[in-house]
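Subject: Structure handover and what was found in it

Dear colleague,

I am passing on to you the structure that we talked about, and below it you will find my notes. Please keep the structure open while you read, so that each residue can be looked up as it comes.

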Amino acid sequence: MLGHGQWAAMCHSRRAMESPGRKIRVSNLDMNVVTVGKGPDVLLVHGFPDTHTVWRHVIPALVSAGYRMIAPDTRGCGETDMPGAVSSYRLESLVADLVGLLDALGIGKVRLIAHDWGAVQAWRLVLSYPQRVDRYVALSVGHPSAFSRGGLEQKLKSYYALLFQVRGAAEFLATRSDWRLFRLLTRYPEQMPEWRQALSRPGRLTAGMNYYRANPGLMVPREYPLARVPVFGIWSTGDRFLTEAQMVGSQRYVSAPWRYERIEGANHWMQLTAPGQLNPLLLDYLRIPSTELTHAAQ
């Protein structure tokens, strides 16, 4: 059973998830950020087409376990400012936002959990600023070298990224007939009302697609640096967009301790469809002392 303090923390975290968060000035834009809990800092980075609310089943569990959760809306998403230029969504700008957020909050080193496009950003943060990351949990998306070399199956699963390149037409087609094509792409009807509400706001769907338009070379095979911080890769068997091979293959590109787990039965959004499986994995990994994790054998 939960103790009184844990129950209070969980209730507080749920209320925080229902609030709009607070605005923090980062990279010349106002970033909406939810911070809740006390303890070691954990940064959560969402993907497309989500906002910070995609972590609503993760945050209460981690807050009750004694962590301070930091969940931003990344640029163009949720309540964070939305630059108009496609070039504003290049990876270097997205990573600079994360570094700027850590600086604004006075955090030198953070535990990092990220999913989908958030994981793409987080991998680059790990590769470029390893001194800022204590450990990294990558959900769904593997190391950029493993992803770009994921083979034909991964390229076929990423077909929609090519469709998103057609500006204007992609937005038009996605939203026609009550968002029919978007529904067919995601195949997650339970989440559709939230996505539709968020992306129907002027410019928000375009901003989300601009992540793909500003970074068209992600599928081009190339070698990126090795990750020099501990990494825990988690993939779900119902993922229609990412292959297991690109996650498992990430081990070759991590020079620090590596761990991998597969979650059975969950779709791409494992933090929503399988929190009962995901949260214990996160808590187990977060509890490992940094010194023990750093010196663990791979």
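How many nonpolar, polar and charged residues does the lining of the largest pocket have? Before the answer, please keep in mind that this is a predicted model. By class, 13 residues of that lining are nonpolar, 4 are polar and 2 are charged.

The pocket itself has a volume of about 380 Å³, and among the 19 residues that line it, those nearest its centre are Phe147, Ser158, Ala161, Tyr212 and Met219. Helix 4, helix 6 (151-157) and helix 7 (159-163) each contribute at least two residues to this lining, and helix 7 gives the most, with 3 residues.

Next come the enclosed spaces. The count comes to 5 cavities of 30 Å³ or more, and the largest cavity has a volume of about 100 Å³. Its lining consists of Phe48, Pro49, Asp116, Tyr160, Phe182, Leu185, Thr186, Tyr212, Phe241, His268 and Trp269, which divide into 8 nonpolar, 2 polar and 1 charged. Tyr212 is thus a name to remember, since it appears in the lining of the largest cavity and also lies among the residues nearest the centre of the largest pocket.

Helix 8 (residues 169-186) gives the most to the lining of the largest cavity, with 3 residues. Helix 8 also holds Ser177, whose phi is near 50°, a positive value in a residue other than glycine. Two other residues of the cavity lining, Phe48 and Pro49, are joined by a peptide bond that is cis, with omega near 5°. Pro49 is found in the loop between strand 3 (41-45) and helix 2 (59-64).

A search for aromatic pairs across the whole structure finds 19 of them. One of these is formed by Trp117 and Tyr212, whose rings are edge-to-face, 5.7 Å centre to centre and with 85° between the planes. The pair links distant parts of the chain, with Trp117 in helix 4 and Tyr212 in helix 10 (residues 204-213), 95 residues apart.

Finally, how are helix 3 and helix 4 placed with respect to each other? Helix 3 (residues 91-104) packs against helix 4 (residues 117-128) at an angle of about 80°, with the axes 9 Å apart. Angles of 65 to 115 degrees count as roughly perpendicular, and the two helices are therefore roughly perpendicular to each other. From helix 3 the contact is made by Leu91, Leu94, Val95, Leu98 and Val99, and from helix 4 by Trp117, Val120, Gln121, Arg124 and Leu125. By class, this contact has 8 nonpolar, 1 polar and 1 charged residues. Trp117 therefore deserves a second look when you turn to helix 4, where it takes part in the contact with helix 3 and in the aromatic pair with Tyr212.

With best wishes

Note on methods. Residues are numbered from 1 along each chain as its sequence is written. This is a predicted model: local features need pLDDT of at least 70, side-chain atom pairs count only at pLDDT 80 or more; totals for chains, interfaces and linings use all residues. Side-chain values use heavy atoms; hydrogens and water are left out. Axes are lines fitted to C-alpha atoms, for helices over the stretch in contact, and angles run from 0 to 180 degrees between N-to-C directions. Helices (H or I, at least four residues) and strands (E, at least two) are DSSP runs, numbered from the N terminus. Angles under 35 degrees count as roughly parallel, over 145 as roughly antiparallel, 65 to 115 as roughly perpendicular and the rest as oblique. Contact means heavy atoms within 4.5 Å. Ala, Val, Leu, Ile, Met, Phe, Trp, Tyr, Cys and Pro count as nonpolar, Asp, Glu, Lys and Arg as charged, and the others, Gly among them, as polar. On a 1 Å grid over the protein atoms alone, a cavity is a set of points where a 1.4 Å probe fits but cannot get out, and a pocket is an open set with protein on both sides within 12 Å along at least five of seven lines; lining residues have an atom within 4 Å of a point. Grid points are joined across faces, edges and corners, and a volume is the space filled by probe spheres set on the points. Rings of Phe, Tyr and Trp (its six-membered ring) pair if their centres lie within 6.5 Å; planes under 30 degrees apart count as stacked, over 60 as edge-to-face and the rest as tilted.
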